[in-house]
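User: I'd like to go through the odd backbone spots in this structure and hear the reasoning behind each label. Can you take me through them?

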Amino acid sequence: MALLEVRNLTTYYETKIGYNEALQGLSFDLEAGGILGLIGESGCGKSTAGFSMMNMIEYPGKIMDGEVILDGKDLIKMDRNELRKVLWKDIAMIPQSAMNALNPAYKVGKQILEAIKLHFPEMSQEEAVAKVEHLLNLVGIDAKWYHGYPHKLSGGMKQRIIIAMALSCDPKVIISDEATTGLDVLIEAQILALLKKIALDRGLGLIIISHDLNMVTAICNRIGIMYAGMLVELTTTENVLRNPKHPYTRALFSSQIDSKDFDKKVTSVDGVVPKLVNPEDKCRFYDRCNRKFEMCERKCPSLISISDNHRVACYLEGDNHE
Amino acid sequence: MNNRYLIEANNLKKTFDTKDGGILKNIKKSRLKVYAVDEVTFKLEPREIIGLIGESGCGKTTTAKILLKLLNVDEGELFYKGENITHFKNRELSEYRKKTQIVFQDPYEFLNPRMNILNIVTEPLLINKQLNSENVKIDKAVEVLESVGLNPAKSFLYRFTHELSGGQRQRVAIARALILRPDLIVADEPTSMLDVSVRAGILNLLLGLKDQYNLSMVFITHDLATAGYMCDRIAVMYKGRIVEIGPKKEIIYNPRHPYTKALVEVAFDLKNFLENKDSFIKDGEVDSYEQNDYCSFEKRCVMMDANCKHDGHHKMQQVGENHFVACCKCEH
Amino acid sequence: MKKFNDNLKLFFSNKLGLIGTVILVGFILVAIFAPQIAPYDPYQRIGVPFGKPSMQNWLGTNDVGQDILSEVIYGTRISLLMGLLSAGVALIIGTIVGLTSGFFGGRIDTVLMRAVDISLVIPMLPLMILLAAFLGPSFWNIVIVIGILSWASPARVIRSQVLTIKNKGYIEAVKATGGKSSYIITKHILPPTLSIIISQLILMSSRAILMESSLSFLGLGDPTQKSWGIILYYAQSRSAFLSDAWIWWILPPGLLITLLVISFAYIGNSLEQIVNPRLRR
């Protein structure tokens, strides 16, 4: 059984003119020790996906449908009190602007300590402090920073502290929502290496939400490509790199610069992401696709298996022809 | 000075005061001087694109602002077509500014949200008193908007920036930079805020415009892959200094400085970097204000040893054709 | 245009702002049509001195037999005009100081902001009395005294707005194109600051009206102009407080001052909520 099962997760945002269908029918499994990348451009619903998995969507957003099953329990059906016990302890998130997630008025170590004490009230002070020091060490921060204030830390160090906080209650799943965006490339790479190592060592499930193809293909073993609120392709990293099927996935790769041949022209995808408020029932990539045919306009294709470990939402693949 | 080069930067230096430190330090006025740009020297030929690459705070944007004369240097000289422009003022300065333009990272920030596209694009003409009539204004705007691929240009004239997509906004910003027909465009991370699928369009547009208008470009980026695609030469900066400069293929396929090596690995073989990161760079964070009088990369360098700590910063030495490195570990 | 309509909607969605506007419009109409509304010429003796309210003189007459109701109606003119003009003077000084200080920064900024601090700290009333006494009572002297004593707080508000705009990317872009400071200020900095200037003008007006009334009440106003403050001054000096006369001689102008100040404050506050989104709840 998979560690985390997400089934048909659907989140809409209420607007004056109808629902914005920001996330539509997201389904995937995550094994222990697995690293799944969710990749897509701005407005593709990847951040909504992250918050929906934690059942942390707030008004005007609303989870319309779906299940997020962790350890046999469905997070979506939980009320606030049950949820509070599960979040951080079983599933934790490293948010997008982690730099601002630290309270400037408290010492760094204290903030991690708080999180631990909240979830393990039976733990003694000494144990908890020892655990914080162990965590700081784990993320590569000198224990002397236990008594430091956040403004003394650089962006990369703050990010490491946030990772330590996410790890503080030994979660089984960590969601990283663009956690390294905005950091310098070398720092980003070092932090990614750290995350990957921790995930593998501890057998965590790691979900990396990002817009950076290079980064996701290097760190993840499975990748889901999202477009306009839907998963359009879900497969192993090898398949994404060697054998991408969905026209959008292919377009993404042809817009990447080839390190072997800088003279090879990169191409962009013309057009814009469709409006997601009351969308038509056609393939959401229809307007920008260069391989569309009449079928694509009639009904939005669903994600189907075309081979082991390879699922695509496109009528050109498999027997998706109704 | 030689007329062959469009821009010659000679030993540029610029320091900033930091206000870091406690209350007491401020009272004592013992502020730390930090070299934002230190001994930066390079030449730019006509129709050449040079890439400035490095992490945030490495001085690449400061260098760009010095080139545009938005900042004055403390030391060093700047030449434009062989003419010393270091101390240009008023009239001479505004003549120079017509020839140099900038495209910023965030087009939303760069374009005044209260002005329509027509006024944004033609503002440089207005400032330089080249607008005679409303018709000329519209004609010029249409022409330049078409050249950046905003078609049909007429339909964009009276729209505002919030009605455009990110890629379109950046095109407007480029159009505005082009309207005075400059020789030099400084592009400060022009694609870092854009989606991947749009980025390619902007990069290709800039390359096309370079050929069409015989432009030179200073292309600032933190992404070596983008630099490899866009530039003829690449200068790698670290803590205000150029640590390696050379033709792009030399830099990417034959990097010599340990910092460049790490950057190349991250950009082109991230998987390998993640597995063997300790052979490329030392873990841990470095305070960017800290400066010493020997190698600035000392704290993070994997090749560091006692020999590196001799007096004075490492001088640039040639390691290949047009390829210079500031590292004492890089002999021929 | 759409934004303007939105703001209008926002303004009128605020009940207090709406009430303030209605009251202010009422005052402005009274001020404009004073000759038509007022039953008598306030400078003419039309009855016995110290007359009680009657069918002819609803609010009675003053010490020289002038109609108090007419005085109060004409007083709207003077008080309103005085308030707006003084606020205008304060805003002109404040805007210039705020713009220069914010835009040029550095030493100029330091010097100007210290001046602002000093002028905010000094007790206003004694200085005002001193200045008014020194300059002598006349309409324009009062305007100037109030103006030069209340520029500091608008200057500070405007400066902070200029500082936020100055650091926007497009200002730098204009500089890179060769735009001069004067061009940048008039074209890029002033327009977005205008809304703040207007809301400050309204708030300052209410303060200026109060100041004018206080000055006049203390006998430092222009005695030839019948403002509400001057009416109060004469009422006070003819011992109206000691007789029943306060009900028709002192209460009406006093209430009107309060009402006008409140209306300005309501409008100013709801304008400020539009201009400064952080104040929105």
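Analyst: Here come the backbone oddities, one by one. This is a predicted model, where local features need pLDDT of at least 70, side-chain atom pairs count only at pLDDT 80 or more, and totals for chains, interfaces and linings use all residues. Residues are numbered from 1 along each chain as its sequence is written, while chains are lettered from A and ligands numbered from 1 in the order in which they are written.

User: Why is N309(A) called exposed?

Analyst: A residue is exposed if 12 or fewer other C-beta atoms lie within 10 Å of its own, buried if 20 or more do, and partly exposed in between, with C-beta atoms placed from the backbone. N309(A) has 12, so exposed is the label.

User: And what makes E39(B) partly exposed?

Analyst: E39(B) has 18 C-beta neighbours inside 10 Å, so this residue falls in between the two cut-offs.

User: What is the phi of each of these two residues?

Analyst: Phi is positive at N309(A), about 65°, and also at E39(B), about 50°. Neither residue is a glycine. Most residues other than glycine have a negative phi.

User: Where do they sit?

Analyst: N309(A) is in the loop between strand 11 (304-307) and strand 12 (310-312) of chain A. E39(B) belongs to strand 2 (residues 32-44) of chain B. Strands here are DSSP runs of E, at least two residues, and helices are runs of H or I, at least four, numbered from the N terminus.

User: Which peptide bonds are cis?

Analyst: Y59(A) to P60(A) is one, with omega near 10°; N151(B) to P152(B) is another, at about -10°. P60(A) sits in the loop between helix 1 (46-53) and strand 4 (61-70) of chain A.
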